[in-house]
Amino acid sequence: MKVHPLAWAALVALCAAVIGLQALQSREQPLGLPAGVSTNLLYVRSPGFARHAALSFHALAADLYWIRTVQHYGGTKLSTDVNKQYDILYPLLDLTTSLDPYFDVAYKFGSVFLAEEYPSGAGRPDQAIAILKKGLQAQPDKWELAQELGFVYYWWLADYDDAAMWFNRAADMTKAPDWLRPLAAVTLAQGGNRTSSRTLWTEIARSADADWLRDQATFRLKQLDAMDGIDFVESIVERYRARTGTLPSSWTDLIRAGFLRGVPPDPAGTPFVLDPSTGTVTLDPASSLNPLPNREHPL
Amino acid sequence: MRVIGHVAVNVFKESVRDKILYNLVVFAVLLISASYLIGELTAGQDVKIIKDLGLASISLFGLLIAIFIGIGLVWKEVEKRSIYTLLAKPMRRQEFLLGKYCGLALTLVINVAVMTLAFYAVLAYMQAETPDNIRAAWPAPATDPAMLKAVALIVLELLLVTAIALFFSTFSSPFLSAMLTMAVWVIGHFNQDLRDYGATISSPVAAAVARGVYYVVPNFAAFDVKLQAVHAQPIALRYLALTSLYGVIYVALVLLAAVIIFSRRDFK
């Protein structure tokens, strides 16, 4: 049977109307929810139920939850909402790793997403530890997970005893690299110093299997270089004071006195800032290396 | 055997005529487009996800073909009344039924073989495109041949599903056959729960019934080693051999039951 030309025209017109209305609607203000109400929905929260419902497609279901984890973390991190919440991050990771207990990256990256300070991350090192311990239960000989556990204790909790204990446990596992044992010793003896931090971040940068993790390690190493740079320049300021009896009023004084050839830059290329009243050297507030580790953000 | 072969070849030709093999195009498009699209969404897990997606698709496409073609194998001949002509020929009923089964099994095996080739081709491309330092972190190469163990068990699972679909189609309508086959396949993934049921209930009779069902219902969960294959976890040869033997014996059992029912069926 031949289709009437009007039917084709009506089909095209209706299609155009649907698309047009959708475009119009997308310009409208969303109806929204009251402030503080999370819009993050997770229909399934029980790992047991998810495992049953996935039948023989556990790995694929885990991948879907992993993609959602990455989207949730990335979307929330980039969000400018002051009330942004990472409230479904841990349940998503729990589901992912329950469906696929060998999903190493979900444990490793997941712990980073969870431990990172709010608002860059969930600010929940306790949950990062929980997800990594879950990973170690599934794969008791996975040294990378034990090393990550040590890292969470070291970097986010400044608990050097537990950090050293986990580095040592990782070193005991098969295929563990040689550098773990010395790292455990340094952590125990001088926890929180730059040497142990540099060792840790250098190894993370070397072994990272994702660009963003390598970038983060490189960033941390630049921060450590900046701290070394600050110490060095402050020692020059001290030598100037010892020679002249006064603090330099600007970089120019140090250059004229022959202590420096020019204004010293931090490893990101932004010049350091000299405080003439105290002689302390800091990063420029515009430097991309801010904030440097300190008592609140240990090494 | 020759008669079975003739029927089987005809079933295969019919499936080609019915454009069943078009699913291969869908499979290829799905894998290739996914390999392009998911890289940005998965924090570097694209190869793992393509492996999961590929194996799951091989299993799912095969399952749909096994069920929806399997249930129509006998019914179509009855509906078109061509069964009278066929059975009037020098062909026994069991030869007709086994021929139908072997034809669909052939279709499925060819389907899975082509999908597997396409799967490995996409993975080989991804492997070639990945820098050495990223590849070094993989637990196994993208084209790890160990994944063929998972494919082999998928084929066995599909052969069992086909046998079950054919069994139901010998005495019930296509809709009911599809529902029953699907139900058996789903229940077959809950075998572990049936076995452990006794620990959660007080009635010893109910526990014994659940345990009985556990032994009778096909254990489809046993054929699923996709997760282990993707993560390069060891899959013991003994496990493969036992599961394969279980699958072959179960297929023989279901086909024998189907032959018995079909032999006694009155087409008047």
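**Partly exposed loop residues, domains and chain contact**

With 17 C-beta neighbours inside 10 Å, L55(A) counts as partly exposed. The structure is a predicted model. L55(A) is placed in the loop between α2 (47–53) and α3 (58–78) of chain A. Although L55(A) is not a glycine, its phi is positive, at about 50°.

A positive phi is also found at K175(A), where the value is about 65° and the residue is again not a glycine. K175(A) sits in the loop between α8 (160–172) and α9 (180–190) of chain A. This residue has 8 C-beta neighbours inside 10 Å and therefore counts as exposed. A further backbone feature of chain A is the cis peptide bond from Y118(A) to P119(A), for which omega is near 10°. P119(A) belongs to the loop between α5 (104–115) and α6 (125–138) of chain A.

The secondary structure of chain A consists of twelve helices and two strands. In sequence order the pattern is α-α-α-α-α-α-α-α-α-α-α-α-β-β, so that, with helices and strands numbered from the N terminus, the two strands follow the twelve helices. The domain assignment divides chain A into domain 1, residues 47–140, and domain 2, residues 230–299. The centres of these domains, taken over C-alpha atoms, are separated by 42 Å. The C-alpha trace of chain A spans about 100 × 50 × 40 Å along its principal axes. The radius of gyration of chain A is 27 Å, whereas a compact globule of 299 residues would have one near 19 Å. Of the 299 residues in chain A, 35% are buried. Among contacts in this chain between residues at least 6 apart in sequence, those joining residues at least 24 apart account for 49%.

The largest nonpolar core has 124 residues, and V152(A) and A163(B) are the residues with the most contacts inside it. Helix α8 (residues 147–169) of chain B provides the largest share of this core, 17 residues. When neighbours within four places in sequence are left aside, the contacts of V152(A) are S111(A), A115(A), P125(A), A128(A), I129(A), L132(A) and L157(A). A second, separate core has seven residues, including Y240(A), W251(A), L254(A) and V281(A).

Two helices of chain B, α8(B) and α11(B), were examined for length and burial. In α8(B), 20 of the 23 residues are buried, and the helix is mostly covered. At 1.5 Å a residue, α8(B) should span 33 Å, which agrees with the 33 Å between its end C-alpha atoms. Helix α11 (residues 204–216) of chain B has 13 residues, for which the span expected at 1.5 Å a residue is 18 Å; the end C-alpha atoms are 18 Å apart, in agreement. The number of buried residues in α11(B) is zero, so this helix lies largely in the open.

The contact between the chains takes 18 residues from chain A and 23 residues from chain B. On the side of chain B that touches chain A, α3 (46–70) and α12 (226–230) of chain B each supply at least two residues. Five residues come from α3(B), the largest share of that side. By residue class, the side of chain B that touches chain A comprises 13 nonpolar, seven polar and three charged residues.

Two alanines of chain A, A170(A) and A286(A), illustrate opposite surroundings: A170(A) is buried, while A286(A) counts as exposed. A170(A) lies in helix α8 of chain A. This residue has 25 other C-beta atoms within 10 Å, and the cut-off for burial is 20 or more. Apart from neighbours within four places in sequence, A170(A) is in contact with W143(A), A146(A), Q147(A), G150(A), A176(A) and L180(A). The C-alpha atoms of A170(A) and L149(A) are 9.2 Å apart, although 21 residues separate the two along the chain.

A286(A) occurs in the segment after β2 (281–282) of chain A. Its C-beta neighbours inside 10 Å number 10, and a residue is exposed if it has 12 or fewer. From A286(A) to T270(A) the C-alpha to C-alpha distance is 7.7 Å, with their positions 16 residues apart in sequence.

Definitions and conventions
Residues numbered from 1 in each chain as written. Chains lettered and ligands numbered in written order. Predicted model: local features only at pLDDT ≥ 70, side-chain atom pairs only at ≥ 80, totals over all residues. Domains from an automatic or database assignment. Contact = placed C-beta atoms within 7 Å. Helix = DSSP H or I, 4+ residues; strand = E, 2+ residues; numbered from the N terminus. Nonpolar A, V, L, I, M, F, W, Y, C, P; charged D, E, K, R; others polar. Core = buried A, V, L, I, M, F, W, Y, C linked by C-beta atoms within 7 Å. Expected span 1.5 Å × (residues − 1). Rg over C-alpha atoms; globule rule 2.2 N^0.38 Å.
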